[in-house]
Structure formats: C-alpha cells, structure tokens
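Hi everyone, thanks for coming. Let me put the structure up, and then we can talk about its empty spaces.

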Amino acid sequence: MAELAITKLDPDSQLLLDQPLLRLPYELLRKNLKSAQRHIEQAHKNIQKDLQTAAAQSPSLSLATIDATLTKAQTLKRKLEQLHIEEQNLHRQQRVRIQHLQQLHEVHSLADVKYDEWSHTRLDRLLVDYILRQGSTQSAKELAVEKGIQDLVDVDVFEECGRIEKGLRAGKMQDCLAWCNDNKQSLKKINSTLELELRLQQFIEMARNDEAKTGIEAIYHARKYLSLGQESGFGLKAGGLLAHPSDTEVEPFRTMYNLARYDQLAELFVKTHHELFSLPLQPLLHTALSAGLSALKTPSCHSEFALHANANTGAPVCPICSTELNELARNVPYAHQSKSHIEDDPVVLPNGRVFGRERLKTLNEKLGTPAGKIRDPTDPEGVEWDERVMKKVFIS
C-alpha cells in the first residue's frame, strides 16, 4: 500500500506549471474578437456616413460614392476572413492542448510508461519556452518541428515580443507604439504606463535635439500625450526637460537623458506583454528546476567550502554547486532532511571537516602527503597536520 501511495499520480499538482498552456490561446481569442468588433464598428460608421452622403448627391457622384463604399466593405471582408483563419488556428491549438492535458488524467501511476512519454513532451515544451525567451526563435522552431509540438508552444507570440523588444533596445519605438494601440483597452484595464513611458521618451529625444525649446511640435506632443489623465507626473517631467539640456547633471533629468533608458523600456514592455497574456516572467523551465533543486539544497551548498572544493575529493559535482545551476538555486529554500548520510568510520580534522578515515587516507596518498601527515583534500592552501590530530566522530 505504501508503494502504491508513493507512485500514485496527482494530475492537479502536475498541472500547476501548465496554466499558461490554456490561458494564452484564450487571451489571443479574446483579442481576436475585440479586433473583429473594432473593424466592424468602424466600417459600419464609415458605410453609414457614405450612404447618407450618396443620397444627397447627383446620380453620377452617388455611383462613385457607392463604389467606394463597396470597396470598404470588401476590405472589411478580407480583414474578417483573416481574423477567422487566425481564430480557427487558435481553436485547433486549444483543442490539441486540452487533449495533451487530458492524457495526464488517464495515467494513474508515476511508474506507467505513458507518464514517461507525457513528461518528455512537457520537457520539450519547457525547453522551447526557454529558448524562445532567450531570443533564439529559429532554434525553437526547429526543435518544435522535430518533436511535433508546434501546437503546444507559442512561437509566434514570443517572436513578436522579441522583435519589439529588440527594436526598443535599438532605440526604435514605432512597433511598440503600434502594439500599444492594438491593445489599448487591455492595457488600460491593467493600469499600464507603457505607452506614457514611450511618449515621454519621444519627448526626451526632441529635447535632446533642442526641438523642445523652440519647436511648437514638441510642446503639442506633450500636451496631447503627457498632460491628460491622472498620470500628471509625466507632464511635469516633460516640463522639466524644457529647462535642462541633454548634458545636465540635475536628477532625474540626467538619468532620463541616458540611453540606458531604452533597455528599461524594453524590460517594461516584456513585463507588460507577459502580464497581458498571462505568461510568467520566469521561464517555466526554471520553475520546474527550482522544485528539484530545493529537494537537494543544503546550507553547505553556498558556503565558502563549496566554492573552494575541487576534484581532489573525487566526489561527483553537486547540482546546486555546479556553475550552471548555482545562481538559480541561490534563492530556493533548503531541503528538509530527516536522515543524515555520512561515510563509514568518520573522523574530524582540526578545521572541522569530516571525512571517512579510509577515503581520507586514499586521497592523501594520491596527493603525495608525507607518511604520518594528513591534510584536507579540499583545502587549496594544503595545510598538513600530524595524523594523531584526527578525532573519531560518534553520531547518536
């Protein structure tokens, strides 16, 4: 019975990492619907206006106006057809993802071979997610195609996010402003200040080029985008820029002129993008690894001893102490160890390190320690003591 309890599968706990798998298609479908509604409403207003104008015109002008109206209607049809294709693709993705998660509920034991297959698919998903977040879109695409999980990963979403982020870091804001315009209502619901920060950056560039001091365009820009609403601080900052040149040492204007602000805008965009589409900021692979790392972590893993330990001991490298995972494991909690594990016949050296007697002698022989002497194999300074200083350790 105990063995069955250990191998029993709890699908709900396994699916904690997979919430974004279903949430993202839902958010994209909602965005698709809002876009269709916006196109229809705008086209309806234009067509109604054109028809009213045509009714008051001469027959020849009325025909020209009606032809223009038909063109607008055909344009609307093409836009809606494109949105319909996107909607069908999203529904297909959602169906495949639901089936993928349903497979886990059909597995009742961790020892089942079907659980291994499902876990490997999830690992592939996490790897693609991680690669996408690192900006290697083409590699992520190739891995997704090789593993046959194109509908289980969100390449297009991260590709768009990466393109806009890269543009911001290069000082280009137009793509990000267009994205803000497409998601204006959703950004307003989460009280995002991304668009205001972008408009402020536009004003900063005008001030950097001395346009804000003499040009009406810069002042109009500030009045149009930065002086309305409850976020009055942006307008005050813009006003302060009028009185400070780009080489000023006065804060916060000195920092605002710094080109590093583009990196801050890029980070703000990524954070806003992920929040809008219910995506975690941290790669899901890191979250999954953190759970396993916490089960292995002990207080000694980030100690000075662990940093100076080398291959002289012959022990395998601890995952927590490895250069690849050390930083990731730094903030995870320590494991709850109910049992101690120690070598046979343990002895303690004057520096407080404990080793198995036979293994310590073997290592000292390899290190060439003189007969009758002993040293700590992990000590880079190589301090030697007389063998008689070793004390036997008793564990109760």
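I'll go through the enclosed space, then an open pocket, then a surface patch.

This is a predicted model, where local features need pLDDT of at least 70, side-chain atom pairs count only at pLDDT 80 or more, and totals for chains, interfaces and linings use all residues. Residues are numbered from 1 along each chain as its sequence is written, and side-chain values use heavy atoms, leaving out hydrogens and water.

So, how many cavities of 30 Å³ or more are there? There is one, with a volume of about 160 Å³. By cavity I mean a set of points on a 1 Å grid over the protein atoms alone where a 1.4 Å probe fits but cannot get out; a pocket is an open set with protein on both sides within 12 Å along at least five of seven lines, and lining residues have an atom within 4 Å of a point. Points are joined across faces, edges and corners, and a volume is the space filled by probe spheres set on them.

Fifteen residues line the cavity, with Arg125, Asp129, Leu152, Asp154 and Leu284 nearest its centre. Helix α5 gives the most, six residues; helices here are DSSP runs (H or I, at least four residues), numbered from the N terminus.

Next, the second largest pocket, at about 720 Å³. Its lining has 26 residues, and Leu28, Glu86, Leu90, Asp156 and Val157 lie nearest the centre. The largest share, seven residues, comes from α4.

Helix α4 (residues 59-105) also holds Leu70. Is Leu70 buried, partly exposed or exposed? Leu70 counts as partly exposed because its relative accessibility is 47%, between the limits for buried (under 20%) and exposed (over 50%), with a 1.4 Å probe and protein chains only.

Key: Helix = DSSP H or I, 4+ residues; strand = E, 2+ residues; numbered from the N terminus.
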